[in-house]
Amino acid sequence: MRAALTKGKSMIVTEVADPVPQEGQLLVRTLGCGICGSDLHALSDPDAFMETARRSGGTPYDPRDGLVFGHEFAGELVEHGPGTQRTLPAGTIVCGPPIGIGPQGAGIIGYAPMYPGGYGEYMILNEGLTMAVPNGLDPKVAALTEPFAVAARAVNRSGIGLDDVAVVLGLGPIGLGVVAQLKARGHGPVLAVDFSARRRALAEGLGADELIDPATASPYDRWADLGVPTSTVERIASELLGTENRSAVVFECVGVPGILQQVIDGAPAGSTIMVVGVCMQSDRIEPGVAVSKELDIRGSFGAYPAEYGVTLNDIAECRIDAGSIITGTVGLEGVAAAFEDLARPEEHAKIVVIP
């Protein structure tokens with residue numbers, strides 16, 4: 001099959017062996033695959049990518065050795081492997097969480113050589129994790145279930161209350177997904193923060209209540225106006241007086257050094273910081289400030305299959321407009337250029353590959 005294959009820190013379009021479904025697996029023809037920021041990081045800084053995976057308990061494969069990326073996918077089921085239940089007929093449009101399981105071992109689809117991703121013409125998926133795309137949903141939109149499911153997990157893990165204030169820092173696809181998930185569940189106010197006017201506009205389309213350009217305004221100077229006590233003493237006083245107050249959740253979806261400390265400095269006492277952006281470089285924070293403020297700092301990564309399934313239905317039922325963040329499509333020959341284009345946030349938010 002033809003595929004965009006990593007080679008060193010670049011990418012070439014070439015012929016690679018067709019994947020062959022084994023016990024419990026399906027062969028799927030790729031119809032659409034989103035380009036994820038993780039792919040960009042893996043290609044530009046493979047050593048940091050592998051070290052983060054290793055220290056997190058994973059089995060890293062070197063992107064420079066030749067991988068077919070692509071873990072945000074949808075496709076057409078074309079063949080059942082041995083030992084499958086055949087619950088979905090050939091021709092069904094499918095998608096699923098990017099978890100490869102089978103006789104070849106386990107791995108993340110697109111980051112393990114035995115599970116080539118959606119930047120190729122064909123993929124193999126585990127039957128038990130493969131879901132039919134409902135309601136005739138466009139496959140390139142269905143492919144975005146994965147990043148929006150990642151956002152769903154972040155919201156789930158945050159424990160945010162219905163009336164709590166949410167601040168979403170960074171409006172790449174995951175940050176936009178967090179905005180969409182919060183608004184689909186009735187949360188508000190949601191403050192969406194990004195330097196890019198285009199991405200702020202996308203967040204507005206997904207329901208963000210307030211848009212903030214950090215070049216001209218701070219996302220951390222609105223707490224009193226929004227009914228959120230800023231200090232521990234204020235929170236204690238509110239409890240003594242029986243005053244109802246909101247709490248705050250800050251979703252850090254940027255993932256670059258220095259941001260987490262900025263959030264620790266700016267977040268009000270007793271708030272939750274959801275670290276969703278994956279920073280693969282060393283960073284420094286001041287724990288004393290977090291301790292004094294009694295901040296709850298939580299990580300979130302990926303999504304569980306159940307969260308993926310719920311998100312797929314939310315998109316298919318138009319509760320979440322995932323397609324609104326697609327700013328371009330490319331064939332395999334355009335993947336390398338698309339990686340460069342995604343570095344310019346005023347031009348693109350999400351590019352989908354159509355092999």
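**Close-up views of a predicted model**

**View A. Asn135, an exposed loop residue.** Asn135 has a relative accessible area of 53% and is therefore exposed, since the cut-off for that class is over 50%. In this predicted model, Asn135 sits in the loop between strand 9 (131-132) and helix 3 (139-142). Its phi is positive, near 60°, and the residue is not a glycine. Most residues other than glycine have a negative phi.

**View B. Arg86, with positive phi.** Arg86 is not a glycine, yet its phi is about 55°. The residue belongs to the loop between strand 4 (72-80) and strand 5 (93-95). Arg86 counts as exposed, at 53% relative accessibility.

**View C. The cis peptide bond at Pro189.** Gly188 and Pro189 are joined by a cis peptide bond, with omega about 5°. Most peptide bonds are trans. Pro189 lies in the loop that runs between helix 5 (173-184) and strand 11 (190-193).

**View D. The hairpin of strands 6 and 7.** Two residues form the link in the hairpin from strand 6 to strand 7. Strand 6 (residues 99-102) pairs with strand 7 (residues 105-108) over four bridges, in the antiparallel sense. Gly100 faces Gly107 of strand 7.

**View E. Helix 8 and its cover.** Helix 8 (residues 259-266) is largely enclosed by the rest of the structure, because six of its eight residues are buried. The buried residues are Ile259, Leu260, Gln261, Val263, Ile264 and Gly266. Their cover includes two helix and strand neighbours listed by sequence position, helix 9 (287-292) and strand 15 (296-299). Strand 10 (165-169), strand 13 (248-252) and strand 14 (272-275) are also among the covering elements.

Key
Residues numbered from 1 in each chain as written. Predicted model: local features only at pLDDT ≥ 70, side-chain atom pairs only at ≥ 80, totals over all residues. Heavy atoms only, no water. Buried < 20%, exposed > 50% of the residue type's maximum accessible area, 1.4 Å probe, protein only. Contact = heavy atoms within 4.5 Å. Pairing = 2+ DSSP bridges.
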